[in-house]
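Q: Got a minute to go through the side-chain contacts in this one? I'd like to start with the charged pairs and then look at the rings.

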Amino acid sequence: MFVALLVVAALAAPMIAPADPIRQSLRGRLSAPTLSGADGRAHLLGTDHLGRDVLSRVIYGARVSLLVGFAAVIVGGLVGATLGLVAGFRGGWTDSMIMTLADAQLAFPFILLAIGIIAVLGPSFPTLIVVIGLSGWVTYARVLRSQVLVLRSREFVDAIHALGGSVARVITRHVLPNVLSSLVVIATLELARAIVLEATLSFLGLGVQPPTPSWGGMVHEGREYLDSAWWISTAPGIVLMLTSIVVSRTGDWLRDLLDPTLRGE
Amino acid sequence: MPMRGLLPFLASRLIRAAIALWLVSTVVFVVMRLSGDPVPLLLPPDAPQSEFARVRAELGLDRPLPVQYVVFLGNVLRGDFGQSIHFRQSAFRVVLGYLPATFELGLAAFALALLVALPIGVVSAVKRNSAVDQATMALALVGQSAPTFFIGILLILIVSLNLGLLPTSGREGWHSLILPALTLGAFAMASIARLTRSSVLEVLRADYIRTARAKGVSDVVVVAKHTLKNAAVPIVTITGLQFGTLLGGAVVTETVFAWPGIGRLAIQSIYNRDYPVVQCTVFISAVLFIVINFCVDLLYGLLDPRVRSS
Amino acid sequence: MTEMTRRDVLKIAAAGAAAALPGLTHSAQAQTTQKRELVVAQGGDIANLDPHLSTSSNDIRISFNIFDNLTSRRPDGKLAPGLATEWKLQGQTAWVFKLRSGVKWHNGDPFTSADVKFSIDRSLDTNLRGNRVNTVLTTVERVETPDPGTAVVHTKKPDPLLPARLGFYGGQIIPKKYVESAGGETFNQKPVGTGPVRFVSWTKDDKIVLEANPDYWGGRVDFDRLTVRALPEMAPRVAALLKGEVDLITQVPPDQGERVKSNPTTTVIGALYGGLYVLAVNSKRPPLDNPLVKQALSLAIDRESIVKELWRGRGVVPNSMIAKGDNHFDASLPPLAFNAGEAKAQLKKAGYKGEEIIIETTAGYLAGDKPMSEAIQAMWRDVGVNSKVEVVEYSVRAQKIREKSFKGLWWSDPTSTLRDPDGMMWRLLGPGGPQDYWRHPEFDELGNAARFSVDEKFRADAYKKMTQLFLEYLPWLPVIQPYEDYGLQKHVEWTPDPLQQLEIRRFNFKFRRA
């Protein structure tokens, strides 16, 4: 429900938002939540340090979070799935190499790598998507690889090879159906992680460029005003927290529903 | 695991760890070199070209990249991470100077997590579906999914600014440690509480507990005696795993609370383009991660006979 | 513990004594103090104590109190005697300085003209590793010391500003004998000067402790110890002041000033900064090569609002490239105008077709840089300028300054340590300077002539003409001349300088005593 609401909010932001999220009013800056601000408008969640409507910015912020979140999940999923399949099918050296890469990545404090890469490429939507996406490929790769290994141990693949079946066919007919539910579960959990990671990077000042609103960036901007204008940080922060809770709960629920074997991992 | 299986197992783990470390070092090296030049930060903007050349040579940045890379790897093998560009002393010593603050924070976070989560988990299980149970489990949910930085901001807002109880940041005395430790430990605390609860529930359902209860032994004693022992395995695992990802969380927590640890040092050093310090920080935290994971695996084997035999 | 230590006994005795003292109410303590220690918190740690190795404000706040200069720039902007009691120009290029007699270094050695020669020579020494001030005194040809109480500084060309140059960094006088015998490394860790405080200890990333110099020639300062702590984050710095843990803090942002002022025991004191915050322009990049476009951009900035709202009135709107309080500032010029209608007309006249104009801002390198960028972006959008704000790290900014590779505009805080247009705009905008993106033959000729003239009337005329050219071509868009605000306990009386050196001397500091 909440997720659907968010998606709608993100898509229909121009219609729902009470104000233009980047419209400023220096005279009406740091206004507390009010029905009639200095500019004669209602600011249900107050205004920020440039006099922009916080509610509108939170609504528009959903766009950034969801766009980066979904895109990152797709990137991570594609890369992870490909590497997992390659590792599983090729086995041997390729397999060890890919799995060592996964080890290395897990040993790396990822946030530092992200900061480094963003320092090289400069902060932008594509950079964020790639960086966040790549941070999550390992889980997909592991699931797909182990599924392929299971099939191989059943000598399925060899048999199909012998019969002249293509690898693509094996993947679509035998691998994917078996792991689809796991993938859906992982993707949902990854979505929650990606949204939080984007917010964290924005909070560190490495997110999308101003004046585009993003939740993490808003929390960051409001930090200086925590004691005088608490609404700037807390409004986007609470929405972000709810989103993260709901999405990851959905993931847990899907897991219990679709894939009891993953339970308790 | 039988003894003769142990050595090859250890050897393969070691090799994989070494390769992972090499990969990590290489990636940091490449990313940092691509990210920009530290020299303009060191000199006034109107310094002559000759001055730039001199400083670049002083830092060894005038040599071709492959040469720098080979020198770097050679030095790392000897445990030498070079001179910090910003601090003008050995990068390793710089990192060592900041490490205690991070350890202090990490240990406090986990002590706090265990201290709070274990009793809560047990109580929730014993008083299943009570108001206490539901409230703590809801809170645990928040702890598990809320972004670290926002937990920190909320704690500052409520505890420091509104209630005026604890300092907003810095590292002076035990009272400045509480909020950062809570923030860093929130995720682990929530996970451990939930895990403890479900393990204890499982044990409570077991026959021998019912017998004990029937004999009239009090709840607390029963739980203490029998359940925690059995629930220990998953708790150790998750604790270890969480400890391994400490630095990632520390980067954010230390930034929010201006805690002078290696997480903040790492970020500052990236901004200062202080290559040696970044390389050293990442290397040390990767080693810690690998060692801790390995210990967790061993501990797991020791605690759970089923794992050992299979 | 079973045995009580001697110290514990003393502590208890002291506590008893304090409890027995009647009439020391809290409110009385708030306004006056018996403190013998002044605690200062600044925004960063010290990197170097050797004054030749640094121009960073965190360092000079310390070194300007350990060391003296020949001349001393007072908070009112005037040049006062320092280690030199008087100076005069002999002919065109020789400045003669009479030195103060009887001055001793902190280690007891006597101060002589040999120290002056040594200091100036060392400041110019490009072989000194890490020397950051070697460009400050480049007009100096040589220093002569006819006797221990006289130093003669010969300049290569006439240099009217030499006494002013010697009053800021690069001009600090260091002890020849101590530096030569102890070595540069030791000097940097344990400096010896002639200033009002002596070095005691330094804990990296934490604090530096200094003690009053009882024999200071300018009079002993009214405290025993001066402790300077590093508190990099603004919130804890303000909190430490409000809680009374520190007596004085640097860099109070305007939005926090109200809080500090409304607290009964603390207040804010500011000095109009001796420089401007400007958007420097890469005038080589179209459409910024068109002066009409730059005029339109300038006209579209509502500086009044920025000063009044974003800065809560803690600043003034500039009227040119010369800061208020600097030599040759022309008070008769009106503040830079805001006129959206005219801006639109200018854009039309310039044939502006919506080309992207990029502000590359840092986030917090200059106070308020990012919010100001966003505010200006919105103002430009209102007149139809397609602009974009890109946030860059300060290291990227440094690299772009070096490579002269800015895409459009960026923040700069041109300051003259000499309080003169030469050291400020001509240093940056002159040919070959760090912000050389625009050239105009007449501007260049005037700037060069003014640099080497000792005739103040001629210089005044030159800067007047240069101002006209500046306002037409706008190599900078000046935005604000802010106040540099400090927070302090009400029991501290202190006058800050327009630059950032935080001098603490008898003429500008005292504790309010009961």
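A: Sure. It's a predicted model, and C:Arg419 is a good place to start: C:Arg419 counts as buried, at 5% relative accessibility.

Q: Which residue does C:Arg419 form a salt bridge with?
A: With C:Asp326, and the closest N and O atoms are 2.6 Å apart. C:Asp326 is buried too, with a relative accessible area of 5%.

Q: How far apart in sequence are the parts that pair ties together?
A: 93 residues. C:Arg419 lies in the loop between strand S19 and helix H15 of chain C, while C:Asp326 lies in the loop between strand S16 and helix H12.

Q: How many salt bridges over all chains?
A: The search finds 46. One of them joins C:Lys35 and C:Asp247 at 2.8 Å, N to O. Those two are 212 residues apart, so to speak of distant parts of the chain is fair.

Q: Is C:Asp247 buried or exposed?
A: Buried, at 1% relative accessible area, whereas C:Lys35 counts as partly exposed at 24%.

Q: What about networks, which residues do shared partners join?
A: A:Asp48, A:Arg52, A:Arg57, A:Glu221, C:Lys370 and C:Glu374 make one network.

Q: OK, rings now. How many aromatic pairs?
A: 25 over all chains. Among them, C:Trp105 and C:Phe111 are edge-to-face, 6.0 Å centre to centre with 75 degrees between the planes. Both are buried.

Q: Which ring does the charged end of C:Arg402 sit over?
A: B:Phe52, 3.4 Å from the ring centre. There's also C:Arg74, whose charged end sits over C:Phe507, 3.7 Å from the centre of that ring.

Technical notes: Residues are numbered from 1 along each chain as its sequence is written. Chains are lettered from A and ligands numbered from 1 in the order in which they are written. This is a predicted model: local features need pLDDT of at least 70, side-chain atom pairs count only at pLDDT 80 or more; totals for chains, interfaces and linings use all residues. Side-chain values use heavy atoms; hydrogens and water are left out. Rings of Phe, Tyr and Trp (its six-membered ring) pair if their centres lie within 6.5 Å; planes under 30 degrees apart count as stacked, over 60 as edge-to-face and the rest as tilted. Buried means under 20% relative accessible area, exposed over 50%, partly exposed in between (1.4 Å probe, protein chains only). A charge sits over a ring if NZ of Lys or CZ of Arg is within 6 Å of the ring centre and within 35 degrees of the ring normal. A salt bridge is a side-chain nitrogen of Lys or Arg within 4 Å of a carboxyl oxygen of Asp or Glu. Helices (H or I, at least four residues) and strands (E, at least two) are DSSP runs, numbered from the N terminus.
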